Amino acid sequence: MNEELDSQLSAMFDNELPAAECELLARRLSRDADLKARWGRYAVVGAVIRAERGVALDGTMAGRVSAALSTEPALSLDPAQASRRGSGLSWWQPLAGAGLAAGVAVVSILWLRSQALPGSSHVAVPVLVATRTATFASPSAQGPLQTASATITPDSFVVPPVQQRPMMVVPATELADYVVAHSAFSWPVSRGNLLSSLMVSEPGTSSTPAESEQPVPRVQGNATQNPK
Amino acid sequence: MSADASDLSLVRRVQRGDKGAFDALVLKYQHKLVKLVMRYVRNPAEAEDIAQEAFIKAYRALPQFRGDSAFYTWLYRIAINTAKNAVVSRDRSPIEYNVDRSSTDNDESYDMQGRMKDSETPEGLVLTDEIRSTVNAAIDALPEDLRTAIVLRELEGLSYEEIAAAMGCPVGTVRSRIFRAREAIDRRLREVFEGGLGRTEELG
């Protein structure tokens, strides 16, 4: 018998062998009868030193247990599953992580909404309105945005900000854009429908046929001036 | 180095279907388990039966073992529960024996001898006086450094690092001394049992 191997076996018996070496030796130990017998004798030596008198010495218990388990199906935990178990992971932990992430996302959205809505109703949307108006009213203007914004009135068909209804400003604007753009390409009968009429008839807007037939201008993202 | 790496490597093999690895775990812990169970039952043969039942329960429960605790801790819990259930089912009162390592060996040996006289112990099942004297003689014949190392390990349960600190030598030297001590004792035991000691060829 290889003395180095036996020395490793002795250290493994004491749980003093590095894990990588344990893996290799455990594989050999489970198959090598001589090695297993030596392993059993190491256990007996310890039992003798500890004066464990009521102890079987001939390995009959191991034989009986092995015989009793011979009819049992072998366990079939795959290595990945065993590794996950070894690391303490359970099936519910990934789900818990996903749930936590979703919870954080919901709280963040609610917080952002609570922070943004009160003050944003008359800040963000007017910028959008002014920009569209400026671009639409003077498409060839290349001057500073400040000048364009100052000289052009917000006579767009876009819904102006309504401070009394801050919650509806952004959705209403987008809805109005969609409805008017849709009307430009729809049948004449449908242009005069109730919703379009409501949109274009709000105070401060213009609904001249020439303008309403133009395609909806694209939003300029760099404008920051509010209409007066 | 994990304190439970050896057991865990065997447990993982069992979980992957290697029953032979479970034999190694039984061989390693059968004596300790019987000793533990004998705190609850009188008869060593009965204690063996309970320990055997505990091993079988442990095997069946191994798929649920995650390694959160040491294997032997988990196994001991199963053995204790099995022993308690056996005591309850047989309407016997548990007997508390003082088998703490801190107690003296002579007291423990005396108690165990007295108990064995009252029980029907199968011949050859337990450690006989002849075996005990053989092992004691083997230990006495060991060089001082080997004897100290093996006693600190087996009797006091110290780790290699703790033994190295106590003996003022490297951990590798401790490992070598313990191995050589075991081999020397094992040679004497094999002479007594004519090669029959630790006979496990029929396993795995």
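Start with the contact map of chain B: for pairs with a separation of 6 or more, residues 24 or more positions apart account for 64% of the contacts. Keep in mind as you click around that this is a predicted model.

**Chain B, whole**

Switch to a cartoon of chain B and you get nine helices and zero strands. From the N terminus on, the order reads α-α-α-α-α-α-α-α-α. Now colour by burial: of the 204 residues in chain B, 40% count as buried.

**Confidence, before going further**

Colour by pLDDT next. Chain B has a mean of 79, with 74% of its residues at 70 or more. Select residues 160-167 of chain B: this is helix α8, where the chain's confidence is highest, at 96. Then jump to residues 105-118, helix α5 of chain B, where the confidence is lowest, at a mean of 38. Widen that selection to residues 98-125 of chain B and pLDDT stays under 50 throughout, with 30 contacts in the model beyond four places in sequence. Residues 195-204 of chain B also have pLDDT below 50, and that stretch has 39 contacts beyond near neighbours in sequence.

Chain A has a mean pLDDT of 64, and 39% of its residues reach 70 or more. Two stretches to flag in your viewer:

- Residues 120-151 of chain A, where pLDDT stays under 50 and the model has 57 contacts beyond four places in sequence.
- Residues 202-228 of chain A, again with pLDDT under 50, here with 49 contacts beyond four places in sequence.

For the model as a whole, the scores are ipTM 0.77 and pTM 0.57.

**Stop 1: helix α1 of chain A and the loop after it**

Select residues 3-13 of chain A, which is α1. Which residues of α1(A) are buried? Show side chains for Q8(A), L9(A), S10(A), A11(A), M12(A) and F13(A), and you have them.

Step past the end of α1(A) to N15(A), whose phi is positive, near 60 degrees. N15(A) is a residue other than glycine, and it sits in the loop between α1 and α2 (19-29) of chain A. Is N15(A) buried or exposed? Buried, because 21 other C-beta atoms lie within 10 Å of its own, and 20 or more is the cut-off for that class.

**Stop 2: α1 against α3 in chain A**

Keep α1(A) on screen and add α3(A), residues 33-49. The two helices pack at an angle of about 50 degrees, with their axes 10 Å apart. That angle makes α1(A) oblique to α3(A), and the crossing is right-handed. To see who meets whom, select D6(A), L9(A), S10(A) and F13(A) on the α1(A) side, then L35(A), R38(A), W39(A) and Y42(A) on the α3(A) side. By class, that contact splits into five nonpolar, one polar and two charged residues. L9(A), S10(A) and F13(A) were also among the buried residues of α1(A).

**Stop 3: across to chain B**

Leave α3(A) displayed and bring in α2(B), residues 19-37. The axes of these two helices come within 8 Å and cross at roughly 15 degrees. They are therefore roughly parallel to each other, and α3(A) passes α2(B) in a right-handed crossing. Which residues make the contact? On α3(A), pick K36(A), W39(A), G40(A), A43(A) and A47(A); on α2(B), pick D23(B), A24(B), L27(B), K28(B) and H31(B). The tally here is five nonpolar, two polar and three charged residues. W39(A) appears in this contact and also in the one with α1(A).

**Stop 4: D18(B)**

Go to the loop between α1 (5-15) and α2 of chain B and click D18(B). D18(B) is buried, with 20 other C-beta atoms within 10 Å. What does D18(B) touch, leaving aside residues up to four places away in sequence? S30(A) and R13(B), so to speak one partner from each chain.**Stop 5: E46(B)**

Finish on helix α3 of chain B, residues 44-61, which holds E46(B). With 19 C-beta neighbours inside 10 Å, E46(B) counts as partly exposed. Add A86(B) and draw a distance between the C-alpha atoms: the pair is 40 residues apart along the chain, and the separation is 9.7 Å.

Terms used: Residues numbered from 1 in each chain as written. Chains lettered and ligands numbered in written order. Predicted model: local features only at pLDDT ≥ 70, side-chain atom pairs only at ≥ 80, totals over all residues. Helix = DSSP H or I, 4+ residues; strand = E, 2+ residues; numbered from the N terminus. Buried ≥ 20, exposed ≤ 12 C-beta atoms within 10 Å, placed from the backbone. Contact = placed C-beta atoms within 7 Å. Axes fitted to C-alpha atoms, helices over the stretch in contact; angles between N-to-C directions. Parallel < 35°, antiparallel > 145°, perpendicular 65-115°, else oblique. Left-handed = near helix turned anticlockwise from the far one by under 90°. Nonpolar A, V, L, I, M, F, W, Y, C, P; charged D, E, K, R; others polar. pLDDT = per-residue confidence, 0-100.
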